[in-house]
Amino acid sequence: MGGGVRSAAAKRSWPEVVGMTMEEAKAAILKDKPDADIVVLPVGAPMTRDLRPNRVRIFGSATVAETPRVG
């Protein structure tokens with residue numbers, strides 16, 4: 001059971017987009033996860049604690065400030 005190679009569809013975070021513009025980051029995330037529901041929030045914004053496997057939160061203003069993650 002387990003031990004297999006994870007595919008790009010299983011990717012859960014995108015540290016490589018930190019510092020990119022929001023549009024660049026969205027494009028990069030959607031390339032890896034085309035079904036992503038991307039939510040842009042300011043750093044420190046309150047969030048719900050529910051887990052949604054297609055939601056990716058991006059924190060920042062003009063550029064990405066924190067690593068976006070599925071959740």
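These are my notebook entries on confidence, the main core and one buried arginine.

**Ground rules.** I'm working from a predicted model, where local features need pLDDT of at least 70, side-chain atom pairs count only at pLDDT 80 or more, and totals for chains, interfaces and linings use all residues. Residues are numbered from 1 along each chain as its sequence is written, and side-chain values use heavy atoms, with hydrogens and water left out.

**Confidence.** I looked up pLDDT (the predictor's confidence in each residue, from 0 to 100): the chain mean is 90, with 87% of residues at 70 or more. Over residues 1-5 pLDDT stays under 50, and the model gives them zero contacts (heavy atoms within 4.5 Å) beyond four places in sequence.

**Core.** I then pulled up the largest nonpolar core (buried Ala, Val, Leu, Ile, Met, Phe, Trp, Tyr and Cys joined through side-chain atoms within 4.5 Å; buried is under 20% relative accessible area, 1.4 Å probe, protein chains only). I find eleven residues in it, including W14, I29, V56 and V70. Helix α1 (22-32) and strand β2 (55-59) each supply at least two of them; α1 gives the largest share, three. (Helices, H or I of at least four residues, and strands, E of at least two, are DSSP runs numbered from the N terminus.) Beyond four places in sequence, V56 touches W14, I29, A36, I38 and V70, among others.

**R57.** This arginine lies in β2. What is the nearest side chain of opposite charge to R57? I get D50, 4.4 Å away, so no salt bridge (Lys or Arg side-chain nitrogen within 4 Å of an Asp or Glu carboxyl oxygen) for this buried residue. I do see the backbone oxygen of T48 3.1 Å from a polar atom of the R57 side chain. Both T48 and D50 are among the residues R57 touches, as are L41 and P68.

Methods: Buried means under 20% relative accessible area, exposed over 50%, partly exposed in between (1.4 Å probe, protein chains only). Lys and Arg count as positive and Asp and Glu as negative; His and the chain ends are not counted. A polar contact is a pair of N or O atoms within 3.5 Å; within protein, one must be able to donate a hydrogen and the other to accept it, and residues adjacent in sequence count only if both atoms are side-chain atoms.
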